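Reader: I'd like to go through this one label by label. Can you back up each term you use?

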Amino acid sequence: GKVDVLTSMFPQAKKDRWGTIWYDSDGFEYRTGYHLPTKLHTLIFLYILWRCKEDDYKKDIQLTFEEILVACDLPKTKDMLKIIEEAISRWFYITLDFKNKYISMGFRIINSFAITTDGTIAITVNSKWINKIRAKGLFSQTELLDTNPLWSKISPEVYYEEKTEKKEQVP
C-alpha cells in the first residue's frame, strides 16, 4: 500500500498568533511562523532525507538543483528552482519543542543551508531530527525512493496537482 507521509507529518495543524503549530504522537510541538510545506515541498524534503540515509545518516549533505530535479522527475524550469529553494526554506523555519517533567528542549529540522549561484546546495539537517525520524521508522518509508519507477510516478502527479490547485486559487 501507499504510505501517506504527508498526513502523518501535519495532523491537526492549527494557526495561532505566532504561526502554525501541530503535535506528533511523541508530544513534540512543531511550529512555523512561515507557511507550511506543500506536498511538493515535502516530496523534495523526502529526497533530502533519503540522501541523508544514503550518506550513512550524515547531517551535512551536498546536493545540486540538477540532482533534485532528475531524482524527483521534475521539469527543468526557473520556477522549479524557486520551488526547491522555497521547500528548503519552509523546512528550515520549522522548529520542534518538547517538554515533560524531566526535560525541556527545542531544535530546528534544518540547522542551516547555503545555495550558490552554480546550483550547489549545502544542507545541515539537525542530528536530533535525524535520530527522531530514524527511531520512528520514517527512513524506512523513504525506501520507496529506492525504487526509481515508483518515485517517478509519484512526483509528476504531486507537481501537477499543486499547479492545478494554484490556478484554481487565482480570482
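Author: Let's start with the core. In this predicted model, the largest nonpolar core has 40 residues, and Ile 44, Ile 48, Ile 123 and Trp 129 touch the most other members.

Reader: What makes a set of residues a nonpolar core?

Author: Its members have to be buried residues of the nonpolar kinds, joined through side-chain atoms within 4.5 Å. Several elements supply at least two residues each, including strand S4 (60-64), helix H3 (65-71) and strand S8 (120-125). Helix H2 gives the most, with ten residues.

Reader: Which residues does Trp 129 contact beyond its neighbours within four places in sequence?

Author: Trp 129 is in contact with Tyr 30, Phe 45, Leu 49, Leu 96, Phe 107 and Ile 109.

Reader: On to the rings. How many aromatic pairs are there?

Author: Seven. Take Phe 28 and Phe 98, whose ring centres are 4.8 Å apart, with 35 degrees between the planes.

Reader: Why is the pair of Phe 28 and Phe 98 called tilted?

Author: Centres within 6.5 Å make a pair, stacked planes are under 30 degrees apart and edge-to-face ones over 60. At 4.8 Å and 35 degrees, Phe 28 and Phe 98 pair up but fit neither of those two classes, so tilted is what remains. The pair also links distant parts of the chain: Phe 28 sits in the loop between strands S2 and S3, Phe 98 in strand S5, 70 residues apart.

Reader: How do you know that Phe 28 is buried?

Author: Buried means under 20% relative accessible area. Phe 28 has 11%, so the label holds. Phe 98, at 15%, is buried too. Ring pairs also join Phe 28, Phe 98 and Phe 107 into a cluster.

Reader: What makes Phe 92 and Tyr 93 an edge-to-face pair?

Author: Their planes stand at 80 degrees, and the cut-off is over 60, so edge-to-face it is; the centres are 5.1 Å apart. Phe 92 is buried at 15%, whereas Tyr 93 is partly exposed at 40%. Arg 108 lies over the face of Phe 92, 4.2 Å from the ring centre.

Reader: Why is Met 105 called partly exposed?

Author: Met 105 has 26% relative accessibility. Partly exposed runs between the 20% and 50% limits, so Met 105 belongs there. Met 105 is in strand S6, and among the residues it touches are Phe 28, Phe 98 and Lys 128. The C-alpha atoms of Met 105 and Phe 28 are 9.6 Å apart, although 77 residues separate the two along the chain.

Definitions and conventions: Residues are numbered from 1 along each chain as its sequence is written. Side-chain values use heavy atoms; hydrogens and water are left out. Rings of Phe, Tyr and Trp (its six-membered ring) pair if their centres lie within 6.5 Å; planes under 30 degrees apart count as stacked, over 60 as edge-to-face and the rest as tilted. Helices (H or I, at least four residues) and strands (E, at least two) are DSSP runs, numbered from the N terminus. Buried means under 20% relative accessible area, exposed over 50%, partly exposed in between (1.4 Å probe, protein chains only). A charge sits over a ring if NZ of Lys or CZ of Arg is within 6 Å of the ring centre and within 35 degrees of the ring normal. Contact means heavy atoms within 4.5 Å.
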